[in-house]
Amino acid sequence: MLTFLALASVVLLGIVPEQSQAIVIYTGWERHALVGSDIRLSCSFFSWRWTSEDVTFSWTYRPDGSRDSISIFHYTGGAPYVDNKGPFRDRVEFVGNPGRRDGSILIKNLDFNDNGTFTCDAKNPPDIVGRPSSVRLLVFEKVPIQAGVITGAIIGSVLGLLVLIVVIYYLMRFLVARRVFSLSVSKHGKKKKEGSQQRQGPAPPADPSKVKASVSEKKKQDLTQPPLFPIISTLSRQHWLISSEALYVCAHRGKRYAQEYKRESLTYAHQPARLDESPRTERCCPSMSDLMRKAKYKKSPTQITQVKSKRFLEICCKIGQKQPVKSWKRLYRDTVT
Amino acid sequence: MLLLLLGIVLLHVAALVLLFVSTIVSVWTTGETSSADLWINCTSVNGFHCDPASTGEWIQAVQALMILSIIFSCLSLFLFFCQLFTLQKGGRFFLTGTFQILASLFVMSGAIIYTVMSPEWVPETNSFGYSYILAWVAFPLALISGLIYVILRKRE
């Protein structure tokens, strides 16, 4: 029994190492190259043994459509031997590292006649049983484009352009609103100073309404000038007036400005509506209800402008006061139906 | 009003269906033994078998243009329904019309490129198939549909 086991183990031990002693060679499967270029054909192997000093690499070449193969490279005894008579003379160079089990060669200045199969065979004594591996070389005049690359590129670029245009459009709208808001704030501040200087300058006025009329006239002149931002000036005057007035009120809370806005809106916007005179000064946004109620008396143009200026107001209120806009939509819906 | 809306949607859907059929069905050129289109070439000489289409740049451009036109037409249908509910009264369906007109332009470019390159791709014995004709029919349909959207105003 014991002897049987011993014999079996010896036989097994004898068999297994023999099988694992096969050398495995790796090269590429196919290589593409352009005419006139250089190509590196890589060849490496795997072996259970240490790399010996007698390791050999040999490359053979078989042209397309031919059955014979010729040897073009051999490495043995630590020295490479390249082809000096065949079709690859002076074109083969050894660029491998036998110590690292790399037996790659470099073929220079390719031509259409170099189409064919290159076979690499490596031996690592005593590990010599192995199958050579082949790589196929294809030489092109110009590298063909793979199927679907251009299709995907065209589709991707057009859709990307579309997304870019949408993003830029929304960005511009947002930036315009911010810019108008800041411009209106600065402009109204300047006008306020001018107005107060005018009031104090001349002798005590006989009629307070005359002074106010002159002030409002001056303001009318200023208000008819559109702000400097070019995009706003292309919008219609009424559109700009409604949105800028609302922004003025929004920017400067205060009873006086709310009332001035109401008075001025009577003169410029040509609205026949009656305005609610009760002062609402705590928040800038309630005056929007004035705007909306005013709009009820007018037909479609104001509605269009109020839809557009609603955006401005939403943004202005968000910027100026950080109020939630949910109440706005309800207010809007209540006042304009 | 509802009838008008239905008619417009039907026209749009018809153009879209034509685009789909033209792109997917493989009959841009037909011959006695072979048929070819943007994606594969099939011959029935030695038993029926199909090869993938050549990988030239122009055929890929035609493929891309047809697919883009389908995408834009679908987008414009979706946008039409969006704008139907969100547009102000008296407003125009500019966005929908723009996308539909762009889709028709893409179909036109694709069909023109195929026609110009046809001496190379379509052998003398073959003739143009019905998918090619459908592509040419889809172009004016989509163009008319897009123009209607641009002119149409939202009422009620």
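**Figure 1. Polar contacts where chain B meets chain A.** Four residue pairs, both partners at pLDDT 80 or more, are in polar contact between chain B and chain A. This is a predicted model, so please read the pLDDT threshold as part of that count. On the chain B side, helices α2 (57-86) and α3 (94-121) each supply at least two of the residues that touch chain A. The top contributor to that side is α2(B), with ten residues. By type, the chain B residues touching chain A are nine nonpolar, four polar and one charged.

**Figure 2. The whole interface between chain B and chain A.** Here we step back to the full contact, which takes 14 residues from chain B and 14 residues from chain A. How much area is buried between the two chains? About 1,200 Å² is buried between chain B and chain A, and carbon and sulfur atoms give 74% of it. If you are looking for salt bridges across this interface, the rule finds zero.

**Figure 3. The largest nonpolar core, with the members that touch the most others.** This core has 26 residues, and the ones touching the most other members are W59(A), I72(A), F73(A), I105(A), I107(A) and F118(A). Many strands of chain A take part: β3 (39-41), β4 (43-46), β5 (56-63), β6 (70-76), β8 (92-94), β9 (105-107), β10 (116-123) and β11 (133-140) each supply at least two residues of the core. A handy residue to centre on is I105(A). Leaving out residues up to four places away in sequence, I105(A) touches I39(A), R40(A), L41(A), W59(A), I72(A), F73(A), V92(A), E93(A), F94(A) and V95(A).

**Figure 4. A second, separate core, and the chain B fold.** This core holds 21 residues, including F72(B), L79(B), V122(B) and A135(B). Chain B itself has four helices and five strands, arranged along the sequence as α-β-β-β-β-α-α-β-α. Of its 156 residues, 44% are buried. Among chain B contacts with a separation of 6 or more, 69% join residues 24 or more positions apart.

**Figure 5. A close look at S58(A) in strand β5.** This serine lies in strand β5 of chain A. Is S58(A) buried or exposed? S58(A) counts as buried because its relative accessibility is 15%, and buried means under 20%. Setting aside residues up to four places away in sequence, S58(A) touches F73(A), H74(A), T119(A), C120(A) and D121(A). One of these neighbours, F73(A), should look familiar from the core in Figure 3, where F73(A) is among the residues touching the most other members.

Terms used:
Residues numbered from 1 in each chain as written. Chains lettered and ligands numbered in written order. Predicted model: local features only at pLDDT ≥ 70, side-chain atom pairs only at ≥ 80, totals over all residues. Heavy atoms only, no water. Contact = heavy atoms within 4.5 Å. Buried area = accessible area lost by both parts, 1.4 Å probe. Salt bridge = Lys/Arg side-chain N within 4 Å of Asp/Glu carboxyl O. Polar contact = N/O pair within 3.5 Å; in protein donor to acceptor, adjacent residues only side chain to side chain. Nonpolar A, V, L, I, M, F, W, Y, C, P; charged D, E, K, R; others polar. Core = buried A, V, L, I, M, F, W, Y, C linked by side-chain atoms within 4.5 Å. Buried < 20%, exposed > 50% of the residue type's maximum accessible area, 1.4 Å probe, protein only.
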